[in-house]
Amino acid sequence: MSILIEAKKVVTSFGKNIIHDGISFAIQKGEIFGLLGGSGSGKTTLLREMILLQKVTQGEMNVLGHNVSELSSSEAWALRQKWGVLFQFGALFTSLTILENVTIALKEYTDIPDYLIEESARMKLSLVGLPPKVTTMFPSELSGGMKKRAGLARALALDPKLLFLDEPTSGLDPHSARGFDELILNLRETLGITVVMVTHDKDTIEHVLDRFIILGNKKILFDGTMNMLRQTSDASLKTFLN
Amino acid sequence: MQNTPFLHIAQTNSTTFDITLCGIWTRDSIATIDKILKPLTGKPHSLFRFNFTAIEDFDTHGIMLILHTIKRLESLTCTVERIGQSVHFSKLLTICEAHFPNEPIIVKNHFFLLDYLENTGKTVIEGYKTLTSFFSFTGELAHAVAEVLFKPARIRIKAMLYHIEHSGASAIPIIFLTSFLIGIVIAYQGATQLEKFGANIFIVEMVTISALRELAPLLTAIVVAGRSSSAYTAQIGVMKITDEVDAMSAMGFSPWDFLVIPRLFALIIALPLLVLFADIISVFGGMVIATTKLDVSFTEFIDRIAETVALKHFIIGLVKAPIFGAIIATIGCFRGFQIDSSTESVGKYTTISVVNAIFWVIAMDAIISVFLTELGL
């Protein structure tokens, strides 16, 4: 096992408002890792720091062996191609069709022949459970759940080794949510992906996550597995069990 | 490059091929692989034995290419056997095969004449729909305005003042500049002509009437149209995209009261004030040139205005202003509500909104100009 992401005493603040006060954790290769915590505890901010959308105020955040605060622009460019990100509401490009949304990264970054790009993209759309007819549709014609699936297909387009998911099951009906969970487990199994996700979904936490941290009071309240959480006596952490 | 992918082809007899795939088969080497696999072909009913033992690394793109080749060979009635798959490889291969897109995407055939006719038809229908929805919008707006006038307490004073500040007061610097320059331009061009006749003093009528009656109101309206109708369209459009407009309606807040009427009233109030300001500045611009080029002093200029320039020109200019304001606000808001869920439509309708607003301001100015002249005013 090797460490893919490591946070060392990360401090984040917006002006005087401190979000994270020196938090440290590590994510192993092949793990499905969860960032948990109440609203406003800075889960999404932490995720955004890992994907270079937000600067770390102090401390060190290492992603795939690079300190994100000390990247040159070409290193950052290369790093961005090594991961896929699914945003909370899909964040599909509304002016492109679903197929174009998935193929755009492949067209920009690789010299794969066009027919193969299209086949790969359609395979990935089918893999995330979208019917063939949506490929030519625009994001505005899709439901929220379908947008998320398409967003996941886009995140998987470059075959990333690292996948970031921001609340992948929020806004989905329970049946679709479980389908999504299975899909993520399946992807880890077949593609060997490491997954980092922000989630609130109790079923996801229980069945999908290998390990997770719980953020609260600007610190990490808990770092471990579900079984370890069950044995804890801390009352405030118990709330995450129900 | 190390570990470049390559094929090792051994032909056991005329219809049996043993193919060993070696090296790294990932997206970075796909272009090479594609060139290697393209020429691979055999007589009908040949047997291809794909050996995967020597593949060092692979991803879905490499596997998709292998699958593509297998399907191609199978469509030539060849048989493909697969041997030596690692557990991981076979798992990914199975998944990719299960989701391999079999039926091609149906692309409609395009024939340019039919496309042309179709587009023309669409444009006409679209224009008709826009026209009817604009009428329905103005109708509803008139109803909302009537309701509000009977119950003035429903006017959102704070929102209205906010829009007066942002669409009116903030426009003062740019209106100062444009009006001043217009005053200078008229006086300057007039000065050279009038000087020839020794009719220097007529610069007063020339500048004052053209500025007060036509140019100051028109230019002010165009500047405000450019600044505010685009802003209104974008604001309302983004609120529609983020469902804020729906949230408002669901909570029982009428979007008319909260969004449209404050903007409409703000411009109806702000524009006459801006026009008054533009009147003063453009005449001042003319006065500056009159003194320097034609020796008509400030006092002479002002005395002459009082003597010869009828008040009606000033009033006509001011009466047009609220009409222009209403046009700008109505078009800005109407186009805003037309924006749908795509981000592209924000740009599209913002542009349309400005173009429409400027056009209708000029058109309305022409109509009023002809109408009043026919009336003898």
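Which residues of β8(A) lie on one side, which lie on the other, and are they buried or exposed? I would like to start there this morning, and I should say at once that what we are looking at is a predicted model.

On one side of β8(A) we find A:Thr194, A:Val196 and A:Val198, on the other side A:Val195 and A:Met197, and all of these are buried, which leaves both faces of the strand covered. As background, side chains in a regular strand alternate between the two faces of the sheet. Counted along the strand, which runs over residues 194-198 of chain A, 5 of its 5 residues are buried.

Let me turn to the partners of this strand. Strand β3 of chain A, residues 32-37, pairs with β8(A) in the parallel sense over 4 bridges, and within that pairing A:Ile32 has A:Val195 as its bridge partner. β7(A) also runs parallel to β8(A), and 5 bridges join the two; here A:Leu163 is the residue that stands opposite A:Val195. To get from β7(A) to β8(A), the chain passes through helix α6 of chain A, residues 174-191, in a β-α-β crossover that is right-handed.

Just ahead of β7, in the loop that follows α5 (144-156) and leads to β7 (162-166) of chain A, sits A:Asp159. Why does A:Asp159 count as buried? The reason is that 21 C-beta neighbours lie inside 10 Å of A:Asp159, and the cut-off for a buried residue is 20 or more. Leaving aside residues up to four places away in sequence, A:Asp159 touches A:Leu191 in its own chain and, across in chain B, B:Arg27, B:Asp59, B:Thr60 and B:His61. For orientation, A:Tyr109 is 50 residues from A:Asp159 in sequence, while the C-alpha to C-alpha distance between them is 12 Å.

That residue brings us to the contact between the chains, to which chain A gives 20 residues and chain B gives 24 residues. On the side of chain B that touches chain A, the helices α1 (30-37), α2 (60-75), α3 (87-98) and α12 (343-375) each supply at least two residues, and the largest share, 5 residues, comes from α2(B). In terms of chemistry, the residues on that side of chain B divide into 10 nonpolar, 7 polar and 7 charged.

Now for chain B as a whole. Chain B has 12 helices and 5 strands, and it is divided into domain 1 (6-98), domain 2 (108-151) and domain 3 (155-375). The C-alpha centres of domain 1 and domain 2 of chain B lie 56 Å apart. The C-alpha trace of chain B spans about 115 × 60 × 40 Å along its principal axes, and its radius of gyration is 36 Å, whereas a compact globule of 377 residues would have a value near 21 Å. Buried residues make up 32% of chain B. Among the contacts in chain B with a separation of 6 or more, 85% are between residues 24 or more positions apart.

One last residue is B:Pro104, in the loop between α3 and α4 (112-150) of chain B. B:Pro104 counts as exposed because it has 9 C-beta neighbours inside 10 Å, the cut-off for exposed being 12 or fewer. Between B:Pro104 and B:Leu276 the distance is 66 Å, C-alpha to C-alpha, with 172 residues separating them in sequence.

Note on methods:
Residues are numbered from 1 along each chain as its sequence is written. Chains are lettered from A and ligands numbered from 1 in the order in which they are written. This is a predicted model: local features need pLDDT of at least 70, side-chain atom pairs count only at pLDDT 80 or more; totals for chains, interfaces and linings use all residues. Two residues are in contact if their C-beta atoms, placed from the backbone, lie within 7 Å. Ala, Val, Leu, Ile, Met, Phe, Trp, Tyr, Cys and Pro count as nonpolar, Asp, Glu, Lys and Arg as charged, and the others, Gly among them, as polar. Domain bounds come from an automatic or database domain assignment. The radius of gyration is taken over C-alpha atoms; the globule rule is 2.2 Å times the number of residues to the power 0.38. Two strands pair if DSSP finds at least two bridges between them. A crossover is right-handed if, with the strands pointing away from the viewer, the path from the first strand over the helix to the second runs clockwise.
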